[in-house]
Amino acid sequence: MMTSCLHCQQSGKGGTGTRPLLEKLLPEGYVHLVCSYEETAQTQFRAHIKLRVTSEDEVHKWLKDFQTSSGLVWRKSKTYPNTGRYNAYRVDLRCQHNTYPKTVGKKTKNTSCGATMYLVLKRHKYSQDRKSRSGDPHIKDGYLLNVNLRHEHNHGLSYADAAQKRDVSSVTIAKLMMLFESGHTPSSALNTIKFDLRKQEGDNYIHAAADRSICPDVQFCYRLYYKLFQRAGSEAVLPEESDGTDVSGSPGQGASVENLEEMIQQFCRSLTEKLKDDPQTFTAPIQTFIGTYNQMNDSSLTLALQGFGKVPQVRSKKVRRAVIPGRPLKSSRTEQHPYSKTQTQQCRNSPPRSVSECAEDASLGGH
């Protein structure tokens with residue numbers, strides 16, 4: 001239900017015309033008081049509405065219903081732990097197509113969408129159970145939740161586009177967890193959900209399967225599977241990061257053969273998607289990888305799998321002492337200096353010579 005605010009109309013802020021763009025987005029079961037509405041483009045508008053909501057849980061419930069009725073998904077951009085004296089709850093939301101990507105060039109759903117929504121819940125009671133004495137007529141009438149909606153999306157808003165980006169519902173998560181506990185792998189559990197959905201929807205299966213909330217993607221199933229078994233302390237889950245754990249033994253020591261087959265298939269699908277998304281980057285490395293794989297025997301393949309992703313240790317080289325030009329080092333001398341310590345010591349240790357020996361040496365030197 002949607003009504004115009006009489007207080008804002010008297011002050012000249014609110015409009016009295018029709019609001020078809022806003023009306024088709026609002027969920028049923030609530031009284032939406034429209035204080036202002038302005039269309040900025042053919043499918044874009046800005047609106048300020050108020051609701052009779054008194055608690056934070058009721059705010060979360062309305063937001064969930066609004067996302068379901070509008071087909072849009074909102075993410076938190078800013079929270080306010082200390083809401084102050086006059087606010088009981090406050091949160092700033094952004095469209096899910098504004099993801100603030102860190103890398104450029106990678107395929108992503110980000111479109112830098114400028115749509116925002118601000119939710120502010122006013123206090124109706126203060127300390128010692130004292131009611132608010134605010135002069136705002138909206139608070140006196142019980143409209144405590146303020147919603148500032150800036151519906152200015154820059155991407156497609158069709159059902160198919162919105163359904164593919166929805167969050168997986170709690171009912172679907174419960175079904176997956178029950179299938180995992182009964183022995184299903186991520187792929188077989190997803191196939192079971194698709195089989196039940198086909199049986200339930202019939203000819204409408206294609207449209208129903210496009211809704212991610214009831215038919216998730218296989219990547220989500222694997223993430224949920226790992227998260228569930230890691231909490232339970234299962235040994236059937238490989239470590240997310242290489243910590244030196246040996247997982248190359250028999251299936252009983254790590255994952256089962258069936259789980260490893262699922263992981264290999266998932267690896268091939270992921271690598272294929274990367275090649276399709278960025279062929280310029282991945283074509284040459286993948287060709288080298290396949291060519292090297294085809295030339296390997298079993299023993300070399302085993303060693304390569306065990307060392308895959310590990311950084312090789314670089315041996316430290318011996319530091320050689322730099323050669324300084326000028327006087328040579330003492331260690332590099334081959335001939336002894338006439339006045340070296342060695343010859344001086346030898347002369348000191350030799351016996352004294354007689355006068356005849358000295359005269360003979362002098363006569364030989366004279367010739």
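User: Residues count as buried under 20% relative accessible area, as exposed over 50%, and as partly exposed in between. In this predicted model, is Asp217 buried, partly exposed or exposed?
Analyst: Asp217 forms a salt bridge with Arg212, with the closest N and O atoms 2.8 Å apart. Arg212 has a relative accessible area of 17% and is buried. For Asp217 the relative accessibility is 26%, a value between the two cut-offs, so this residue is classed as partly exposed.

User: Which residues are joined into one network by salt bridges that share partners?
Analyst: The structure holds 5 salt bridges. One of them brings together the side chains of Arg150 and Glu152, at 2.8 Å from N to O; Arg150 is partly exposed at 35% relative accessible area, whereas Glu152 is buried at 13%. Arg212 pairs with Asp217 in another of these contacts. Through shared partners, salt bridges form one network of Arg46, Arg150 and Glu152.

User: How many residues apart are Arg75 and Asp167?
Analyst: A salt bridge connects Arg75 and Asp167, with 2.8 Å between the closest N and O atoms. Both residues are partly exposed, Arg75 at 27% and Asp167 at 37%. Arg75 belongs to strand β4 and Asp167 to the loop between α5 (159-163) and α6 (170-181), so that the pair links distant parts of the chain, with a separation of 92 residues.

User: How many disulfides does a search of the whole structure find?
Analyst: A disulfide requires two cysteine sulfur atoms within 2.5 Å. The sulfur of Cys113, a buried residue at 2% relative accessible area, has its closest cysteine sulfur in Cys95 at 3.9 Å, which is too far for a bond. Likewise, the sulfur of Cys221, buried at 0%, lies 8.2 Å from the closest one, in Cys215, again too far for a bond. The number of disulfides found in the whole structure is 0.

User: Which strands stand at the edges of the open sheet?
Analyst: The open sheet is formed by 7 strands with mixed pairing, in the order β1-β2-β3-β7-β6-β5-β4. An edge strand has a single partner strand, so one of its sides is left without a neighbour in the sheet; the strands in this position are β1 (2-4) and β4 (74-79).

User: Which residue in β7 is the bridge partner of Leu121?
Analyst: Strand β7 (residues 145-151) has 5 of its 7 residues buried. This strand pairs in the antiparallel sense with β3 (residues 45-51) over 7 bridges and with β6 over 6 bridges. Leu51 stands opposite Leu145 in β7, and the partner of Leu121 in β7 is also Leu145.

User: Which residue in β2 is the bridge partner of Ser4?
Analyst: Strands β1 and β2 (residues 32-39) run parallel and are joined by 3 bridges. Within β2, the bridge partner of Ser4 is Val34.

User: What separates the C-alpha atoms of Ser112 and Thr99?
Analyst: Ser112 is located in the loop between β5 (87-95) and β6 (116-122). Leaving aside residues up to four places away in sequence, Ser112 touches His97, Asn98 and Asn154. Ser112 and Thr99 are 13 residues apart along the chain, and the separation of their C-alpha atoms is 7.1 Å.

Terms used:
Residues are numbered from 1 along each chain as its sequence is written. This is a predicted model: local features need pLDDT of at least 70, side-chain atom pairs count only at pLDDT 80 or more; totals for chains, interfaces and linings use all residues. Side-chain values use heavy atoms; hydrogens and water are left out. Buried means under 20% relative accessible area, exposed over 50%, partly exposed in between (1.4 Å probe, protein chains only). Helices (H or I, at least four residues) and strands (E, at least two) are DSSP runs, numbered from the N terminus. Contact means heavy atoms within 4.5 Å. Two strands pair if DSSP finds at least two bridges between them. A salt bridge is a side-chain nitrogen of Lys or Arg within 4 Å of a carboxyl oxygen of Asp or Glu.
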